[in-house]
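Here's a walk through the open spaces, ring contacts and strand pairings of one protein model. Have the sequence and the 3D view open as you read.

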Amino acid sequence: MRVTAPTEWPTTADEAIAVQDALRPLVVAANPHPPLFHTIAGLDSAYDDETGIVAAAVVVLDSGTLEPIETAVAHGTVTFPYVPGLLSFRELPSTLAALEKLDTTPDLLICDAQGLAHPRRFGLACHVGILTGTPTIGVAKTPWGDHREPGPERGAMSDITMDGEIVGRALRTQRGIKPVFVSVGHLIDLDTACAQVLALTPRYRQPETTRRADHLCRRALRAATAP
């Protein structure tokens, strides 16, 4: 998969915020083409706090069968400090390296992270979408912003707002289970994003893309840090 990665990464919070501010206007929260997603990839990362090693994983699924088509893993070392709202800069280098290893170019990317539901409206899903030019969704386990609890049934949802602006939705993917928090990353609208997340969660709370990428990156991290 082709990725436009920067030659240098920010090393301070001020530099990282400047990057977010510069790229944020490029986000397109709409479907520029008919949203036909035949292949969908999940992205996730795992860290070892003692060594700073990070393992990033990408799992590409067939959207119809949810069967895996391809996987890729990349390792790196976390150098950016832990700063709320800037966590994407800890994951991006390894995440992009894993995407570059793919022979497949997925039609849609699902990040275990925020998109527009972010203090500066530019979470990891937005950043990945801009750098890949690919429709991207953020599906997070915890929310940024305000929302009411959606109804208990599968498919129930409620808007997430920040400063009066709708930035995402709390989406109940399984009856009686905690919702996930969906926001646009790039090149997709919120209605389409929520529909895709529901299609990817036939049995569990998290999308199949995220679940499989989570398992793969954790296995890769254990292998990289084993004595």
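## Pockets, rings and hairpins

Let's start with the largest pocket: β1 (39-47), α2 (88-100) and α5 (208-225) each give at least two residues to its lining. This is a predicted model, where local features need pLDDT of at least 70 and side-chain atom pairs count only at pLDDT 80 or more, while totals for chains, interfaces and linings use all residues. Residues are numbered from 1 along each chain as its sequence is written, and side-chain values use heavy atoms, with hydrogens and water left out.

A few terms first. Helices (H or I, at least four residues) and strands (E, at least two) are DSSP runs, numbered from the N terminus. Pockets and cavities are found on a 1 Å grid over the protein atoms alone: a cavity is a set of points where a 1.4 Å probe fits but cannot get out, a pocket is an open set with protein on both sides within 12 Å along at least five of seven lines, and lining residues have an atom within 4 Å of a point. Grid points are joined across faces, edges and corners, and a volume is the space filled by probe spheres set on the points.

**The open spaces**

The largest pocket holds about 710 Å³ of space. It is lined by 26 residues, and L87, E91, D112, A113 and Q114 are the closest to its centre. β1 supplies the largest share of that lining, with 4 residues.

The second largest pocket comes in at about 170 Å³. Of its 13 lining residues, those closest to the centre are W9, T79, F80, F89 and P93. Two or more residues come from each of β3 (68-77) and α2, and α2 gives the most, with 4 residues.

There is also 1 cavity of 30 Å³ or more, with a volume of about 40 Å³. Its lining is made of L43, D44, S45, E91, T95, C111, D112 and L124. Here β1 gives the most, with 3 residues, and both β1 and α2 supply at least two.

The table splits each lining by class: Ala, Val, Leu, Ile, Met, Phe, Trp, Tyr, Cys and Pro count as nonpolar, Asp, Glu, Lys and Arg as charged, and the others, Gly among them, as polar.

| Space | Nonpolar | Polar | Charged |
|---|---|---|---|
| Largest pocket | 11 residues | 7 residues | 8 residues |
| Second largest pocket | 7 residues | 5 residues | 1 residue |
| Largest cavity | 3 residues | 2 residues | 3 residues |

**Rings and charges**

Rings of Phe, Tyr and Trp (its six-membered ring) pair if their centres lie within 6.5 Å; planes under 30 degrees apart count as stacked, over 60 as edge-to-face and the rest as tilted. That rule gives 1 aromatic pair. F80 and F89 make up this tilted pair, at 5.6 Å centre to centre with 35° between the planes. Are these two rings buried or exposed? F80 is buried at 4% relative accessible area, and F89 is buried at 6% (buried means under 20%, exposed over 50%, partly exposed in between, with a 1.4 Å probe and protein chains only).

A charge sits over a ring if NZ of Lys or CZ of Arg is within 6 Å of the ring centre and within 35 degrees of the ring normal. The charged end of R90 does this with Y47, 5.3 Å from the ring centre. R211 places its charged end over the ring of Y204, 3.8 Å from the centre.

**Strands and turns**

Two strands pair if DSSP finds at least two bridges between them. β1 and β2 run antiparallel, joined by 9 bridges, and Y47 has V54 in β2 as its bridge partner. Their hairpin has 5 residues between the strands, with G52 in the turn at a positive phi of about 80°.

β2 (residues 53-62) is mostly covered, with 8 of its 10 residues buried. An antiparallel pairing of 9 bridges also links β2 to β3, where A57 partners V73. In that hairpin, again with 5 residues between the strands, L66 takes a positive phi near 60°.

Further along, β6 (residues 157-162) and β7 (residues 165-171) pair antiparallel over 6 bridges. M157 stands opposite L171 in β7. This hairpin has 2 residues between the strands, and D163 takes a positive phi near 55°.
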